[in-house]
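Work through the exercises below with the sequence and the model open. Each task is followed by a solution in steps.

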Amino acid sequence: MKKPFRRAFIEITNGCNLACGFCARSSRPGVSMSPVLFESAAAQAAKLAGVISLHVLGEPLTHPDFPEILRICSRLGLKVNLVTNGVLLGRFPPSLFNENCLSQISISLHALSCLPAAERPREVKRLAEFALSKPPRLIVGFRLRSAGADDFFRETLKVMLAAFGAAANPGADFVKLGEGVFLNFGGLFDWPGAGGSGTEHGCLGLKHHFGILSDGRVVPCCADFDGALTLGDIAERPLAEILSGPGALALRKRIAGGTDMPAYCRSCGFAAPGAADA
C-alpha cells in the first residue's frame with residue numbers, strides 16, 4: 001500500500017561535533033531525543049512515510065544512544081537513510097552498519113571544509129575506505145556541495161576519485177565510484193529566515209516529506225531547523241492527526257504555491273527536485 005509521504009526526517013539530536021560556516025545557526029537549546037520518544041516518533045512516521053531519514057540539524061553520530069536508535073529502527077522494520085558528516089564513523093564497530101534498517105548513508109563531504117586544510121585529505125581517504133568496506137547491500141552517497149570549483153572542491157574531488165580509480169565527466173551531477181557508492185555534486189543554498197531570496201515556485205514540503213525535531217515538534221520540511229512553522233508536538237498529539245489537521249493542510253497549499261507562500265519559505269534557497277512542477 002502506497003504511503004502518503006516519501007520521506008520523514010527525524011532529528012535525533014541537534015548537537016554537532018563540527019561548526020560549519022554554511023550550516024544554519026539554531027536558537028534552540030541542545031537536545032538529544034530519548035530512545036523512548038524516538039521509538040514513538042519512528043513508529044508513527046513509518047505508517048506515513050516510506051523512508052526514515054535521520055537528519056535535520058545536528059550530527060546523528062553524536063547521539064549518546066545511537067546504536068540503540070539503529071536497533072529500534074531494525075526492530076520496527078524501517079528503511080533508514082543516515083545523513084552524517086562522517087567524521088565520527090570510526091568510533092563505532094563496523095558491525096553496527098550491518099543493521100537491517102540501514103539502506104543508505106549520505107556523507108556530507110563539504111562539512112570537512114571546516115577542518116584544518118592539512119587534515120582534509122586524510123579524512124577523505126578514511127571515508128573512502130569506509131565506503132570500500134561497506135556491506136554489499138548498503139548504499140553510500142557522498143555529497144560535495146560548493147559555491148563553485150574552489151580549492152576545497154577540487155582537492156576533495158581529486159582525492160575521492162583517486163581512491164576509487166574513477167573519473168568525473170564535465171558537467172555531470174554525480175559520479176558512480178563503485179558498486180553502491182556515488183559522489184553527488186550540488187551548490188550551497190540559503191537557509192530560510194536568513195533574508196535571502198529563494199524559490200517562489202513552491203516546494204514539496206508536506207507533500208513529499210515532513211520533519212520531526214529532536215524536541216518532538218513537527219515541521220513541514222528539513223529546512224525548518226528552528227520550528228518556525230511548527231505544526232504540533234508528538235508528545236501532545238498523534239503524528240497522523242497533526243499532519244492531517246487543517247493547519248497542516250493549509251500550510252501544504254501555501255508551500256506548494258497554491259496561495260501566498262510564507263515569507264519564511266520564500267527566503268529558502270533550497271527547492272526539492274521537481275518542486276516547480278508539483
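The exercises cover confidence, the sheet, the cysteines and the nonpolar cores of this predicted model.

**Exercise 1. Find how confident the prediction is along the chain, and which stretch has a pLDDT below 50.**

Step 1. The average pLDDT of the chain is 91, and 94% of the residues score at least 70.
Step 2. The stretch with pLDDT below 50 is residues 272–278. Beyond near neighbours in sequence, this stretch has nine contacts in the model.
Step 3. Where pLDDT is low, predicted coordinates should not be read in detail.

**Exercise 2. Work out the strand order of the sheet and name its edge strands.**

Step 1. The sheet is open and has ten strands, in the order β6-β7-β5-β4-β3-β2-β1-β8-β9-β10, with mixed pairing.
Step 2. β6 (174–178) and β10 (232–233) pair on one side only, and these are the edge strands.
Step 3. As one pairing within the sheet, take β2 (residues 49–54) and β3 (residues 80–84), which run parallel and share three bridges. Isoleucine 52 stands opposite valine 80 in β3.
Step 4. Now add helices. Helix α2 (residues 66–75) packs on the sheet and touches β2, β3 and β4 (102–108); its direction makes about 175 degrees with that of β2.
Step 5. Helix α3 (residues 120–132) also packs on the sheet, in contact with β4, β5 (139–145) and β7 (181–186). The direction of α3 makes about 155 degrees with that of β5.

**Exercise 3. Decide how many disulfides the model contains, and check cysteine 101 and cysteine 265.**

Step 1. With a cut-off of 2.5 Å between cysteine sulfur atoms, the count is zero disulfides.
Step 2. For cysteine 101, the nearest cysteine sulfur belongs to cysteine 73 and is 4.8 Å away, and cysteine 101 is in no disulfide. Cysteine 101 is buried, at 2% relative accessibility.
Step 3. For cysteine 265, the closest cysteine sulfur is in cysteine 203, at 6.1 Å, which is too far for a bond. Cysteine 265 is buried as well, with a relative accessible area of 13%.

**Exercise 4. Identify which residues of the largest nonpolar core touch the most other members, and which helix gives the most to this core.**

Step 1. The largest nonpolar core has 79 residues; Ile10, Phe38, Leu54, Phe142 and Phe210 touch the most other members.
Step 2. Helix α4 (residues 151–164) gives the most to this core, with seven residues.
Step 3. Examine phenylalanine 210. Leaving out residues up to four places away in sequence, its contacts include Phe5, Phe9, Leu48, Pro220 and Leu243, as well as Arg7.
Step 4. Another core, of five residues, lies apart from the largest one; Val56, Leu213, Val219 and Cys222 are among its members.

How values were computed:
Residues are numbered from 1 along each chain as its sequence is written. This is a predicted model: local features need pLDDT of at least 70, side-chain atom pairs count only at pLDDT 80 or more; totals for chains, interfaces and linings use all residues. Side-chain values use heavy atoms; hydrogens and water are left out. Two strands pair if DSSP finds at least two bridges between them. Helices (H or I, at least four residues) and strands (E, at least two) are DSSP runs, numbered from the N terminus. Contact means heavy atoms within 4.5 Å. Axes are lines fitted to C-alpha atoms, for helices over the stretch in contact, and angles run from 0 to 180 degrees between N-to-C directions. pLDDT is the predictor's confidence in each residue, from 0 to 100. Buried means under 20% relative accessible area, exposed over 50%, partly exposed in between (1.4 Å probe, protein chains only). A nonpolar core is a set of buried Ala, Val, Leu, Ile, Met, Phe, Trp, Tyr and Cys residues joined through side-chain atoms within 4.5 Å.
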